[in-house]
Number of protein chains: 2
Amino acid sequence: MTVNEAEFLASYDPRAYPPVAVTVDVVAFTIRQDALTVLLVRRAGPPSEGMWALPGGFVREWEDLSTAAARELAEETGVATANRRLHLEQLGTYGAPDRDPRMRVVSVAYLAFAPDLPDPVSGSDARVAAWTPVGEVDRLAFDHGTILADGLDRARSKLEYTPLATTFVGEEFTIAELRAVYETVWDEQLHAGNFHRKVLSVPGFVESTGAVTERGGSRGGPRAKLYRAGDARLLHPALLMPSKEETVR
Amino acid sequence: MTVNEAEFLASYDPRAYPPVAVTVDVVAFTIRQDALTVLLVRRAGPPSEGMWALPGGFVREWEDLSTAAARELAEETGVATANRRLHLEQLGTYGAPDRDPRMRVVSVAYLAFAPDLPDPVSGSDARVAAWTPVGEVDRLAFDHGTILADGLDRARSKLEYTPLATTFVGEEFTIAELRAVYETVWDEQLHAGNFHRKVLSVPGFVESTGAVTERGGSRGGPRAKLYRAGDARLLHPALLMPSKEETVR
DNA sequence: TTAATAGTGTCTATCAGACATTATTAC
DNA sequence: GTAATAATGTCTGATAGACACTATTAA
């Protein structure tokens with residue numbers, strides 16, 4: 001750093017710029033009872049007191065954005081930040097000038113995928129949090145409805161070309177369990193036989209553990225082979241959504 | 001709004017939160033002389049005075065994020081915000097606590113695609129701006145090297161499944177010109193015949209104008225048919241990068 | 001025994017890519 | 001004429017999806 005720069009920094013006044021707050025909001029998806037569910041919190045104070053909203057909060061002074069998102073998620077669910085089965089990615093940033101009545105708030109939204117998590121723990125601030133099936137979500141506070149819709153779009157397309165479906169199931173899983181994830185998120189029935197062959201044909205998507213399930217299906221059928229997530233980060237070829245046939249215009 | 005909320009807003013103190021500044025930075029790509037080029041500005045003041053950086057600046061008080069990005073781009077290039085051939089999309093947000101030595105700065109990065117634009121106009125603040133081939137970009141200020149790399153990745157994959165390549169060419173274009181865009185951005189040689197057939201087979205990608213070029217190619221060949229962008233927003237099936245064959249692990 | 005499920009086999013239409021061919025133009 | 005290019009044709013291997021079939025298990 002030059003002497004000039006040091007002088008500049010010393011005289012620099014952050015207050016000269018309009019006050020802005022930066023928050024993170026998290027769209028956390030998990031699958032419970034064959035339904036895609038999202039973590040929501042009921043706002044304990046104004047604005048929009050009593051409305052459901054995405055979990056989130058202000059970014060702390062020395063905190064990275066993704067760290068803040070992981071912290072907010074952990075505060076609501078108790079899921080360890082270091083949980084390797086948790087996927088966290090940046091979704092987008094929402095900064096319309098009037099999106100929060102208090103002041104200019106720019107929110108960086110994150111998308112989280114996790115296997116079935118325990119019920120949320122009520123934080124010390126007595127906030128109520130709950131996993132809610134996305135089909136039952138009504139109106140949300142602020143622009144969180146838009147953020148949730150964007151997160152859902154992202155999740156649906158991410159299943160196509162990444163192995164992220166495996167983050168919704170346990171360490172070891174059957175092909176049928178993996179298919180259930182796709183069917184739940186895409187809201188589409190998939191052909192069991194073709195799905196099976198397709199998944200095994202994609203290099204690095206899943207790898208066999210050599211074991212099979214303890215029992216067959218609840219309504220009969222042979223015991224299924226168990227797999228774990230492979231080392232692929234992208235799926236080639238991709239698994240495309242059936243309904244995507246019609247070109248979006 | 002309830003009475004309680006009104007009271008709350010009146011007593012709300014934005015200064016209670018750590019000071020953060022929000023900026024936008026723009027990764028603006030265009031194609032000049034068969035090279036993918038990005039718009040850079042030389043920093044006129046500290047920090048990193050004299051270094052090249054992405055164009056950008058602070059978001060104004062009542063300004064939307066995308067509006068701010070369009071404004072910053074217009075200030076450097078003179079390209080009208082209303083230019084319909086300009087594509088602008090949010091790329092991502094960069095907020096590492098130490099990414100700017102002045103203070104906590106969270107930057108929302110935007111990605112812009114445009115047909116060959118005029119040379120940048122020097123702003124009243126005497127900033128120097130220039131279109132620079134991405135292959136010749138050296139070190140950039142702040143974390144702008146990372147942002148540029150992310151923007152390049154995004155641009156390359158966007159060409160696969162969206163018709164955005166058409167934003168790099170003029171209103172009317174030949175298939176060969178479109179192919180040149182793909183070859184430039186992907187840095188791959190494509191098979192002319194197969195590319196031609198593929199582009200015409202994707203519904204809504206391009207539509208014929210009925211006209212042909214005034215002259216044949218500079219080194220001979222028939223006059224090519226002219227096309228304009230179609231109404232598709234997504235390409236089905238997609239044009240996949242040849243080198244993507246190897247699964248990324 | 002019955003029904004459901006896991007996993008595999010087969011067939012067909014489609015598509016990407018390699019390669020060839022024809023027509024048209026600049027020089 | 002010669003070389004380059006636009007546009008189209010042909011062939012092959014790979015793949016998605018429809019459908020069929022066998023083996024295995026719960027009830």
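In this predicted model, B:Arg219 reaches DNA strand D through its side chain: one of its N or O atoms is 3.0 Å from a phosphate oxygen of the strand. B:Lys225 also meets a phosphate oxygen of DNA strand D, but with a backbone N or O atom, at 2.5 Å. A:Arg197 takes part in another way, as an N or O atom in its side chain is 3.1 Å from a base nitrogen of DNA strand D. The elements that give two or more residues to the surface near this strand are α5 (192-201) of chain A together with α4 and α5 (192-201) of chain B.

Let us widen the view around DNA strand D. It is surrounded by 24 residues, and the closest are A:Asn194, A:Lys198, A:Gly221, B:Pro222 and B:Lys225. Of the atoms of DNA strand D that come within 4 Å of the protein, 68% belong to sugar and phosphate. By class, the residues of the surface near DNA strand D are five nonpolar, 11 polar and eight charged.

Now to DNA strand C. Here 24 residues surround the strand, with A:His196, A:Pro222, A:Lys225, B:Lys198 and B:Gly221 as the closest. Sugar and phosphate make up 70% of the atoms of DNA strand C that come within 4 Å of the protein. The surface near DNA strand C has five nonpolar, 11 polar and eight charged residues. At least two residues each come from α4 (175-186) and α5 of chain A and from α5 of chain B.

The table gathers individual contacts with both DNA strands.

| Protein side | DNA side | Distance |
|---|---|---|
| B:Arg219, side-chain N or O atom | DNA strand D, phosphate oxygen | 3.0 Å |
| B:Lys225, backbone N or O atom | DNA strand D, phosphate oxygen | 2.5 Å |
| A:Arg197, side-chain N or O atom | DNA strand D, base nitrogen | 3.1 Å |
| B:Lys198, side-chain N or O atom | DNA strand C, phosphate oxygen | 2.4 Å |
| B:Arg215, polar side-chain atom | DNA strand C, sugar or linking oxygen | 3.3 Å |
| B:Pro222, backbone N or O atom | DNA strand C, base oxygen | 3.2 Å |

Next come the aromatic rings. Searching the whole structure gives six aromatic pairs over all chains. One of them joins B:Phe113 and B:Phe168, a tilted pair with 5.0 Å from centre to centre and 40° between the planes. This pair links distant parts of the chain: B:Phe113 belongs to strand β6 (residues 105-113) of chain B, while B:Phe168 sits in the loop between α3 (144-161) and α4 (175-186) of chain B, 55 residues apart. B:Phe113 counts as buried because its relative accessibility is 0%, and B:Phe168, at 6%, counts as buried too.

B:Tyr182 and B:Trp186 form an edge-to-face aromatic pair, 4.9 Å centre to centre with 75° between the planes. They are separated by about one helical turn because they lie four residues apart in helix α4 of chain B. B:Tyr182 has 0% relative accessibility and so counts as buried; B:Trp186, with 3%, is likewise buried. In chain A, A:Tyr182, A:Trp186 and A:Phe195 form one aromatic cluster.

Strand β6 of chain B, the home of B:Phe113, has a partner worth a look. Seven bridges join β6(B) to β5(B), and the two run antiparallel. One such link can be named: B:Leu88 has B:Ala112 in β6(B) as its bridge partner. Strand β5 (residues 87-94) of chain B is largely enclosed by the rest of the structure, because six of its eight residues are buried.

Away from the DNA topics, B:Glu63 deserves a visit of its own. You will find B:Glu63 in the loop between β4 (56-58) and α2 (65-77) of chain B. Is B:Glu63 buried or exposed? With a relative accessibility of 9%, which is under the 20% cut-off, B:Glu63 counts as buried. Leaving out residues up to four places away in sequence, B:Glu63 touches A:Pro97, A:Arg104, B:Phe58, B:Ala68 and B:Arg71. With the side chain of B:Arg71, the side chain of B:Glu63 makes a polar contact of 2.5 Å. A polar atom of the B:Glu63 side chain also lies 3.0 Å from the backbone nitrogen of B:Arg60.

Finally, chain A as a whole. Its secondary structure comes to five helices and nine strands, and from the N terminus on the elements run α-β-β-β-β-α-β-β-β-α-α-α-β-β. Chain A has 249 residues, of which 49% count as buried. Among contacts in chain A with a separation of 6 or more, 68% are made by residues 24 or more positions apart.

Methods
Residues numbered from 1 in each chain as written. Chains lettered and ligands numbered in written order. Predicted model: local features only at pLDDT ≥ 70, side-chain atom pairs only at ≥ 80, totals over all residues. Heavy atoms only, no water. Phe/Tyr/Trp six-rings, centres within 6.5 Å; stacked < 30°, edge-to-face > 60°. Buried < 20%, exposed > 50% of the residue type's maximum accessible area, 1.4 Å probe, protein only. Near = heavy atom within 4 Å. Polar contact = N/O pair within 3.5 Å; in protein donor to acceptor, adjacent residues only side chain to side chain. Nonpolar A, V, L, I, M, F, W, Y, C, P; charged D, E, K, R; others polar. Pairing = 2+ DSSP bridges. Contact = heavy atoms within 4.5 Å.
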